[in-house]
Amino acid sequence: ALRLPPLVRIIDSEQLLASAHPVSWNQSQLLTVHLVDGATGAYNIPTTLWLHEPLAVGALRGALAGVVERHAVLRTTYEVDADGGFAQRVRAELEPQTLLLRETSAADRDAAEALLAADASTGFELFVDGVLRCVLAHVDDDGHLLLINVHHVAFDGVSTGVLLGELGVLYGALSTGEHVEDVALPELAVQYVDYALWQRSALGDVLDVYRDYWREHLHDGALGVLEMPLDLPRPAAQTFNGDAISVVIAPDVTRRLEHLARSHGATLFQLALALWAVALCRHAGQEEVVVGSPYHGRDAAGTEALIGYFVNMLALRVEVPRGGSVASVVRHARDTASGGMRHAALPFQQIVHELLPKRAHDASRNAVFQAMLAWEPDQGWGRELGSDMLGKALEVSPFHISRNTARFEVTLDA
C-alpha cells in the first residue's frame, strides 16, 4: 500500500485569493472534456428537493451563502494557464451578477419540474461563470421545488451529503434567528485547492508501479471498443443525448444475489460487475469489455468533510470467454475489481495520458471505456433529511427530475 504524507493546509486564506492555483488531476480531465465539447449539461450534478410550507426563504438563501463561504471550490472559476494547462481561481464571494438563489413561480408541480429540468440540463461556462446554480420554484400554496445544480468539476456524490448536511444545520439556525457565525460547524482544516496541490506533490513520484499495473491491465492501450447493436447511425461526435429507465429489484432477489456473491467469495458489487460484463458482451458479441466504475477517492484524512471532485474512475477490463462458466467470470471480475481498488490512487487522467497516444482518435466514443457501472450504496439521505438535517423547522422530500443526458453509451446505476 502507498504511504502518503498527510493532507495539510498548504494555501492560507490570503494566498487563496491572491492568484490562480493548479487544478487537481481529476479536474484536469473534466476541463479537457469541457474545452473540447463545450458547455454540455452531461456533467451537471443536480439535486432537487420538495420543500413543504412554511419556508423561510431568507434563511435558505443565507444557509446556501454560508455553505459557499465555507467551501472555496463553490466560488471558483477556471482558466487556461500560460503553459496550456488549467488553473483555478477562487473568488472572495460570488459576483453580483451571479444569483445564488434565483426565485421563480410555477402553476403546479409538473410546471415546476419542467422549469428545473431545463436548468439542470443547461451547461456551465466554466471559464466564464461559476460552478453553482440554485433555483427555487414556488408552486402556489403547495410548496416549493429547490434545485441545487453543481458542475462535476467541483462536486461528486459524497459532496451532496456534505452540502445537504451543512445546509440543514445553517438553515435550522438562521430560521430561528441565529447568525451564521454563531453556528457550530467544525472548521475545515483544508480546502479543495490544498488537495489539488497535495495530490500533485504527494503522488507525483510514487506512482510508477501503479502506471505499470494499469498499462498491463489495459493491454498497453490495445483495447477493443464496445460495439453494441444500434438502431440509428453513430454520430460523428458524442452528443450526450440519452435517457434512463428505472427498474426495482425485489428484496428477495437481492438476498439471492448476495448469497450467490458470497458463494463465489465475491461482494455484491463484484457480482454486479460480472453480470453487467456478461450482458454487454452477449449483446456486443465480444469476449471482453472495459467497464468504468467510480471510486470515491477520499482516502486522505480530511477529505470526508470537503465538497469537491475526488471521484476517480477505474477502468476494469473483464473477460467473458465463449463457453466459459459464470463462476469463472465472477472470479475474474472479483480479482479485477480488487486489483483496481488496490491501484485506485493513480488518477484516471494519468491513465488516459498513458493510453491515448496509442489509440486512434475517435470523437464518437469515450477514449477508454464506453460502459459504466456506478455503484452507490443507499445512504438513505432522502428520508432522514427532514428530521436529521433540517430539523423540525422545515419538512423536506427528495424529488426526482428527468434528464435526457448520458455521459457514456450505457450505464448501470445500482
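**Exercise 1. Find where the model is most and least sure of itself.**

Solution. Start with the extremes: in the protein chain, confidence bottoms out in helix α12 (residues 381-389) at a mean of 44 and peaks in helix α9 (residues 268-284) at 96. The scale here is pLDDT, the predictor's confidence in each residue, from 0 to 100. Helices are DSSP runs of H or I with at least four residues, strands are E runs of at least two, and both are numbered from the N terminus. Next, take the chain average, a pLDDT of 86, with 92% of the residues scoring at least 70. Finally, look at residues 378-387: pLDDT stays under 50 there, and the model has 13 contacts (heavy atoms within 4.5 Å) beyond four places in sequence for them.

Some ground rules: this is a predicted model, so local features need pLDDT of at least 70 and side-chain atom pairs count only at pLDDT 80 or more, while totals for chains, interfaces and linings use all residues. Residues are numbered from 1 along each chain as its sequence is written, and side-chain values use heavy atoms, with hydrogens and water left out.

**Exercise 2. Describe the surroundings of Asn 26.**

Solution. First place Asn 26: it sits in helix α2 (residues 25-37). Then check accessibility: Asn 26 is buried, at a relative accessible area of 7%. The cut-offs are under 20% for buried, over 50% for exposed and in between for partly exposed (1.4 Å probe, protein chains only). Now list neighbours: leaving out residues up to four places away in sequence, Asn 26 touches Tyr 192, Tyr 195, Gln 199, Tyr 309, Phe 310, Val 311 and Asn 312. Last, the Asn 26 side chain reaches the backbone oxygen of Phe 310 at 3.3 Å.

**Exercise 3. Which parts of the chain does the salt bridge between Arg 9 and Asp 194 tie together?**

Solution. A salt bridge needs a side-chain nitrogen of Lys or Arg within 4 Å of a carboxyl oxygen of Asp or Glu. Arg 9 and Asp 194 meet at 3.3 Å, N to O. Arg 9 lies in the segment before α1 (13-18) and Asp 194 in helix α6 (residues 192-203), so the pair links parts 185 residues apart in sequence. Arg 9 is partly exposed at 38%, whereas Asp 194 is buried at 0%.

**Exercise 4. How far apart in sequence are Arg 215 and Asp 212?**

Solution. Their side chains form a salt bridge at 2.9 Å, N to O. Both lie in helix α7 (residues 208-217), 3 residues apart, about one turn of the helix. Arg 215 is partly exposed at 27%, and Asp 212 is partly exposed at 44%.

Methods. Polar contact = N/O pair within 3.5 Å; in protein donor to acceptor, adjacent residues only side chain to side chain.
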